[in-house]
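Student: Please take me through this structure by question and answer. I should like the terms to be defined as we proceed.

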Amino acid sequence: MKRTPFSKLSFTMTGNRGAALEMARSRIVLLALVFIVAYTIVGIRLFDVMILQGRFWQDVEDTRAVEAAVQTKAPEAVRRGDIVDRNGAILATSLKTASLFADPALIVDAQETAKALAALFPENTYENYLEKLQKKGRFVWLKRNLVPEEQHAVMLIGDPGLAFQEEYKRTYPQGQLAPHIVGYVSRDEMGQAGLERAFNGLLETEETVLKTTLDIRLQHALRQEIANTIDIFSAKGGAGVIMNINNGDVLALVSLPDFDPNKREKLDGDQIFNRATLGVYELGSVFKIFSTAALLEKFPDALSMTFDAREPLKRGRFTISDYHPEKRVLTVPEVFMVSSNIGTALMGEEIGTEGLKAFYKKLGLLSKPDISLREVGAPLYPRPWRDINTLTASYGHGVAVSPIQLVAAVAPIVNGGLQVTPRFLKPEGEEEVTKTTAMRVYDEQNGEIMRSLMRLVVTEGTAKKADVPGYEVGGKTGTAEKPGAKGYDRKRLISSFMGAFPMSAPKYAVFVAIDEPQGTKESYGYATAGWTAAPTVARVVERMVSILGIPPVGVATAETQEDAEDMGAKTQLIAQPVKGQAL
Amino acid sequence: MNVAQFFSRTDKSVISNWFWTVDKGALVSIFALIVYGLILVATASPSVALRIGVTENHFLIRHIVFLIPALIMMIGVSMISPRNLWRLATVIYIGGILAMLLIPFVGMEIKGAKRWLHLLGLGLQPSEIVKPAFAIVAAWLMAMQKERENFTGDLYAAGLYAVFVALLLLQPDFGMTMVVTCMFATQIFLAGLRFRYLAIMFLAGLCLLMSAYYGFDHVQSRIDRFMNPAAGDNFQVNKSLESFQNGGILGTGPGQGSVKMYLPDAHADFIFSVAGEELGFIFTFLLAGLFLFILLRGFNHLMDTEDIFTIIACGGLLAMIGLQALVHICSSLNLIPTKGMTLPFISYGGTSLLSVGFAFGAVLSLTRHKKRSGIVKGKTRKRIR
């Protein structure tokens, strides 16, 4: 027999059958162990791959990467939505333009190309272009938003390293008309101010059209008249608001000085600052509207009350005196008409601190107004509020509010008592604020008395120059001294007029404030509201009625008046003869 | 036979005897595997079928066409006696080897290898069916050596191995060569070869692997890519891993996976990845567990048996099935370099189903409760001669 490993094995095995079986069994155990270990590794690996490394845990990271990719792409892909006025006139739109960039790796002749670019766009130097063209990277902006002729000229340079990327450029066709409401965007089309900022998220989605409550015709009239007044009285600035007091639609909102949002290279803060919503001012006597209204609310017999305005009022270390002292006992309408500080302060005393504060609060004068623009100023009022503050606050000293807030607070006093919130976006369908949808904040009968008092100011009192025959303008003047370094400054005034018309059934509130007007020869040196803001409002109302086709009181039919704002062009034609009549 | 006796434990008909003696735990597990297989071939193969331009259910129909004879073969083989089993295996081995000899002349060439015979519109792979037959014949020869003093069964077995492997290398089919070698090594191991010779065999195997690494470009490239994933294209493995990651705990649901769209052999060599994605961790873990359960159950039976032929034959066959499943699973999990191998009873693969059916049939046949039948009969267990 041959000696092989197998033969030796077989010799051993045949010799002892039991031992062979024992050995085989022990080896089966070994074999089973090998498989158990191997399959355990498989099980662990399955757990590792499917659970630990599984999508189960990694979902968060995955979506983050996708979102990041989407975000970096978004600004170039989507066209920003338009902003239009209530009649569809475009206030802001995005135009497709070509932007020039270079891929330095593909530039053939950096020097020649830089020379050509410097000749074409002289705002940058040859060195500047050359430096960009021989950079290390693969992308460098050369000039954004080229006009077609410029694009053509760049193509004629013919360097393969120059390329264009389509971009949208935000343009404002109305230019300087309403920059504070519309706002503007950054280089990368992010809203920076106004509605562009407030509704940036919405505008970023494609095919949105933001319809505002603005009427560019009224905006133009208001802006031009205020600018004119500023000019005449050499004022520092001005602000104005036209609002529909029944639903809060802001038809026009002006802050001067202003700017052209298409050319924002050299702007100062004064131009960008929105005086109508962000600026808060002590507006003085226009606040007598509120204190008188509060008196009517507190005392049903208020009209028979009298106030002694013979002597300046002394309270503690304060002395309150009148600008045009009447030196007699005045009735409530007289106090309001002649704008007596003494009378109003005494009225404030009657109303009491808590009463006046609560009334101001009810009208929203003590909290930040709830409007959609982000440029909102919070009111300033005395903290703590002492009794003496009640006296001064009753005629508007010590309480500073923004023009839009003032208009919103006056609205319920003249519109029949319903609260309105100024709005800049025009909702589809819904129109007037009604008794069922709005909160009542003022009594209807007292509102009627307030309207006649405000009308009295125009017919007999301090604002005779605000009258527009046939349109029953009513309102209240306010001439406030601006707080300076050492108390109030007699030379620096804010003259304002808070008007509404027609007083028998008011629909529009018009507010104009002139910042630091200087008296002229024509105004006999006066820079008070009666000489500056009141006539401005009158001119604005004159233009408004012809633009909107509002017939004079008595001629009005319900139909024409209701559609006046929205059916611009059509009613304008109807309005022509009416306008003649009115003037 | 009266009615009361029919199918009772004392009923000695072939079917009844089989039913009461066969390992029902293993049988149930095998049927569970078959159900898994049907589900996975049904979900994984349509995308592959459409990709190669045949009708949607091409592979599923063929899977079932092979599954039925495979099942019949498994049940049938599990009923026959050990003596008939090795006789059948000898016939199959000889027939299979003859068929393999024919292949170089009439075989089909697919992807650079000639392994298939075309018969009745179906591709048959004779080597698959030779594999379990060889295990049984070799086991019988080795067991015989223990019984008869001058019978050098080991050498004959080695001779059969040499013939088989030579024909496999001719095709070439390294995967099966490896499986057959490992299976034969297991059998020698169980037969009692001393560790020092096993160590020598292990070294020889290592040398073979080394020579394959240096001798064949595709082997080298696969191993290189496994060792250093950044070095080359790991598309299949990456897709496979992605499918497991997609699956999570409960999976995407049968038919809802996406990775099968990318994997070229989703219905065969990467069906475990499809299982991972569509059935989820729990069911995939169970599937791997089923294989281990069948293996351990088989090994457990071997601990009870007194018969060295049963130990060597079953040990070899179980090792073959276990190893094949392991290579398939580990390839798809990137635990080893990719080696295309079917997952027994799960993957589509005509002849491989028949082969696995035969192998399981043999295991079930050899692990039947022979002792109990002996007690009932009041006789000692029959010897295999």
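Tutor: A residue is called buried under 20% relative accessible area, exposed over 50%, and partly exposed in between (1.4 Å probe, protein chains only). This is a predicted model, in which local features need pLDDT of at least 70 and side-chain atom pairs pLDDT 80 or more, while totals for chains, interfaces and linings use all residues. Residues are numbered from 1 along each chain, chains are lettered from A as written, and side-chain values use heavy atoms, without hydrogens and water.

Student: Is strand 7 of chain A largely enclosed or not, and how many of its residues are buried?

Tutor: Strands (E, at least two residues) and helices (H or I, at least four) are DSSP runs numbered from the N terminus. Strand 7 spans residues 250-256 of chain A, and it is largely enclosed by the rest of the structure because the buried residues number 7 of the 7.

Student: Which residue of strand 7 of chain A is the bridge partner of G238(A)?

Tutor: Strands 6 (residues 237-244) and 7 of chain A run antiparallel, joined by 6 bridges; pairing requires at least two DSSP bridges. The partner of G238(A) is L256(A).

Student: Which residue of chain A forms a salt bridge with E306(B)?

Tutor: A salt bridge places a side-chain nitrogen of Lys or Arg within 4 Å of a carboxyl oxygen of Asp or Glu. The rule finds 1 across the interface of chain B and chain A. With the closest N and O atoms 3.5 Å apart, the partner of E306(B) is R25(A).
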